[in-house]
Amino acid sequence: MTNDELTQLLYDQPVSLLHRLAKGRVPRHFRMGKNRIIQHLLELSQEKRTRLIVELESLINATAHTLSLIHISEPTRPLYISYAVFCL
């Protein structure tokens with residue numbers, strides 16, 4: 001995977017996934033924004049970067065099939081209304 005491909009793949013991910021990748025690799029990552037986390041991840045050594053790519057691909061595959069169901073009800077309205085919302 002080229003540096004440009006990895007950069008684009010990282011930018012396509014949500015910040016929460018980037019924080020998971022940065023844990024143990026980037027000190028104080030929890031205080032950084034998306035751009036700085038990506039910058040630090042791209043500066044890793046080749047060996048660490050290879051492991052990063054493997055972990056990134058497995059996290060993408062794991063989250064691709066995950067949907068969360070949120071049930072919302074409004075019992076205070078004149079007619080009881082209930083919603084089901086699927087979140088990615």
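**Exercise 1. Layout of the chain**

In what order do the elements of the chain run from the N terminus on? Work on the predicted model shown above.

*Solution.*
Step 1. Take the inventory: the chain holds four helices and two strands.
Step 2. Read from the N terminus. The order is α-α-α-α-β-β.

**Exercise 2. Burial and surface of the chain**

State what share of the residues is buried, what area the chain exposes, and how contacts spread along the sequence.

*Solution.*
Step 1. The chain has 88 residues, and 24% of them count as buried.
Step 2. Turn to the surface. About 6,500 Å² is exposed. Carbon and sulfur atoms supply 56% of that area.
Step 3. Consider contacts with a separation of 6 or more. Residues 24 or more positions apart account for 37% of these.

**Exercise 3. The buried side of helix 3**

Find the buried residues of helix 3, and explain why they lie on the same side.

*Solution.*
Step 1. Helix 3 spans residues 34-42. Its buried residues are Ile37, Ile38, Leu41 and Leu42.
Step 2. These residues cover an arc of only 130 degrees around the axis, so they sit on the same side of helix 3.
Step 3. Recall the general rule. An α-helix has 3.6 residues a turn, so residues three or four places apart point the same way.

**Exercise 4. Packing of helix 2 on helix 3**

Describe the geometry of this helix pair, then the residues that meet.

*Solution.*
Step 1. Choose the descriptors. Two packed helices are described by the angle between their axes and the distance between the axes.
Step 2. Apply them. Helix 2, residues 15-22, packs with helix 3 at about 35 degrees. The axes are 10 Å apart.
Step 3. Assign the hand: the crossing of helix 2 and helix 3 is left-handed.
Step 4. List the partners. Helix 2 contributes Val15, Leu18, His19, Leu21 and Ala22. Helix 3 answers with Lys34, Ile37, Ile38 and Leu41.
Step 5. Sort the contact residues by type: seven are nonpolar, one is polar and one is charged.

**Exercise 5. His19 and the end of helix 2**

Is His19 buried or exposed? Give its surroundings too.

*Solution.*
Step 1. Place the residue: His19 belongs to helix 2.
Step 2. Apply the cut-off. Buried means under 20% relative accessible area. His19 has 19% relative accessibility, so His19 counts as buried.
Step 3. Add the other buried residues. In helix 2, Leu17, Leu18, Leu21 and Ala22 are buried along with His19.
Step 4. Leave out residues up to four places away in sequence. His19 then touches His29, Phe30, Met32 and Ile37.
Step 5. Move past the helix. Just after helix 2, Gly24 has a positive phi of about 85 degrees.

Notes
Residues are numbered from 1 along each chain as its sequence is written. This is a predicted model: local features need pLDDT of at least 70, side-chain atom pairs count only at pLDDT 80 or more; totals for chains, interfaces and linings use all residues. Side-chain values use heavy atoms; hydrogens and water are left out. Buried means under 20% relative accessible area, exposed over 50%, partly exposed in between (1.4 Å probe, protein chains only). The arc is that of the directions from the helix axis to the C-beta atoms. Contact means heavy atoms within 4.5 Å. Accessible areas come from the Shrake-Rupley method with a 1.4 Å probe; for residues, only the protein chains shown count as cover. Axes are lines fitted to C-alpha atoms, for helices over the stretch in contact, and angles run from 0 to 180 degrees between N-to-C directions. A crossing is left-handed if the near helix is turned anticlockwise from the far one by less than a right angle, and right-handed if clockwise. Ala, Val, Leu, Ile, Met, Phe, Trp, Tyr, Cys and Pro count as nonpolar, Asp, Glu, Lys and Arg as charged, and the others, Gly among them, as polar.
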